[in-house]
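New to this one? Take a slow look at the sequence and the fold first, then come back for a short tour.

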Amino acid sequence: MASEPILSASDLPLAKRGRALDWKSSKLWFDYWALTKPEVNFLIVVTTFAGFYLGCRSAWQNFPFLRSMNAVLGTLLVASGTGTLNQYIERHFDAQMRRTARRPLAAGRLNPTAVLWFGIALAILGSVYLAAAVNLLASLLALGTLLSYLFFYTPLKRKSPVCTLVGAFPGAMPPLIGWVAASGHLSFGAWTLYSVLFLWQFPHFMSIAWMYREDYARAGYLVLPNDERARARLVNWQTLLPLLLLAPVTLVPAWTSKSVTAYSIGVLLLCAAFFYYGARFALRKSNSAARQLLAASIIYLPLLFVLMIILRA
């Protein structure tokens with residue numbers, strides 16, 4: 001039986017060809033957008049702006065909105081470049097995981113060389129933008145975050161569970177960048193915000209690591225120990241200890257808050273809810289408990305920084 005003729009794009013009617021090209025074009029842009037990890041960038045925007053606002057100490061009427069937007073935009077560009085380059089480096093491993101197999105590069109929808117240059121361009125643009133529109137120290141911090149994330153944390157994920165500790169150092173940098181962008185220097189308040197984000201990452205990542213432990217193992221990632229007892233101990237320690245430390249650390253800014261009582265009550269309620277889901281996960285070690293802890297972590301962080309901003313902690 002004769003096969004159906006294969007039509008090229010030029011054989012299609014003009015209207016249909018236009019729709020096909022428009023669809024491909026929009027799909028391409030969506031894939032490049034996905035490379036930047038927008039779900040992660042949302043939290044980066046929140047924490048960078050919070051760091052800027054709390055480091056500024058200007059009255060709301062005199063708040064430098066343009067400078068704050070420059071700081072957020074520059075940090076966002078560097079973070080997007082980091083996410084893109086991370087996917088370039090891990091594209092072969094991402095293809096082996098159900099969680100990441102549909103990513104544009106892992107699925108083979110984008111050219112690796114084009115993605116590499118796209119990531120480099122974003123990183124350079126963001127670093128230069130921060131240096132020109134904000135200050136050099138903010139640019140250096142952002143660049144240091146990118147380099148430590150890509151060249152220390154990323155390869156270590158395949159070698160040792162210590163990767164979570166190592167990755168938490170660059171992962172906590174956004175509020176520092178925001179603070180430096182506002183004040184031009186680092187101070188005790190900046191390191192307090194850094195400590196909050198540093199501790200927050202452990203229960204957040206443990207929930208992800210547990211839900212996708214089989215995926216990670218399939219791709220050769222050693223984010224959790226292979227031995228079951230060692231894995232349980234690591235998950236418990238890296239979930240519960242940081243959650244216990246979060247309460248006193250997040251109470252430190254109460255000293256400079258406009259409303260010590262309101263801030264302290266709000267922080268303790270947030271920490272109690274976060275700890276509840278962390279303890280529940282540590283006891284049950286189930287995917288459903290891990291999923292609830294992940295949701296709690298994503299809700300907790302923006303609410304905490306919003307509380308700090310509103311009450312000027």
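What follows is a walk through some salt bridges, a leucine, a pocket and the cysteines.

Keep in mind that this is a predicted model.

**Salt bridges**

Searching the whole structure turns up four salt bridges. Here are three pairs from that search, with the N to O distance for each.

| Acidic residue | Basic residue | Distance (N to O) |
|---|---|---|
| D31 | R109 | 3.0 Å |
| E90 | K157 | 3.0 Å |
| D215 | R218 | 2.4 Å |

Let's start with D31 and R109, whose side chains meet in a salt bridge. This pair links distant parts of the chain, 78 residues apart: D31 belongs to helix 1 (residues 14–35), while R109 is in the loop between helix 4 (91–94) and helix 5 (112–133). D31 is buried, with a relative accessible area of 2%, whereas R109 is partly exposed at 38%.

Next come E90 and K157, another salt bridge between side chains. E90 is in the loop between helix 3 (65–89) and helix 4, and K157 is in the loop between helix 6 (136–156) and helix 7 (163–171), so the pair ties together parts 67 residues apart in sequence. E90 counts as buried at 4% relative accessibility, and K157 counts as buried at 8%.

D215 and R218 make a local link: they are three residues apart in helix 10 (residues 213–218), so about one helical turn separates them. Here D215 is buried, at 6% relative accessibility, and R218 is partly exposed, at 38%.

**A leucine in helix 11**

Is L246 buried or exposed? Its relative accessibility is just 1%, so L246 counts as buried. You'll find L246 in helix 11 (residues 228–251). Leaving out residues up to four places away in sequence, L246 touches V196, L199, W200, C271, F274 and Y300. Take W200 from that list: it sits 46 residues from L246 along the chain, yet their C-alpha atoms are 7.4 Å apart.

**The second largest pocket**

This pocket holds about 170 Å³ of space. It is lined by 13 residues, and those closest to its centre are R57, G189, T192, P253 and T256. Which helix gives the most to the lining? That's helix 9 (residues 188–211), with four residues. By class, the lining has nine nonpolar, three polar and one charged residues.

**Cysteines**

The disulfide count comes to zero. As for individual cysteines, C56 counts as buried at 15% relative accessibility, and C163 is buried too, at 0%.

Notes:
Residues are numbered from 1 along each chain as its sequence is written. This is a predicted model: local features need pLDDT of at least 70, side-chain atom pairs count only at pLDDT 80 or more; totals for chains, interfaces and linings use all residues. Side-chain values use heavy atoms; hydrogens and water are left out. On a 1 Å grid over the protein atoms alone, a cavity is a set of points where a 1.4 Å probe fits but cannot get out, and a pocket is an open set with protein on both sides within 12 Å along at least five of seven lines; lining residues have an atom within 4 Å of a point. Grid points are joined across faces, edges and corners, and a volume is the space filled by probe spheres set on the points. Helices (H or I, at least four residues) and strands (E, at least two) are DSSP runs, numbered from the N terminus. Ala, Val, Leu, Ile, Met, Phe, Trp, Tyr, Cys and Pro count as nonpolar, Asp, Glu, Lys and Arg as charged, and the others, Gly among them, as polar. A disulfide is a pair of cysteine sulfur atoms within 2.5 Å. Buried means under 20% relative accessible area, exposed over 50%, partly exposed in between (1.4 Å probe, protein chains only). Contact means heavy atoms within 4.5 Å.
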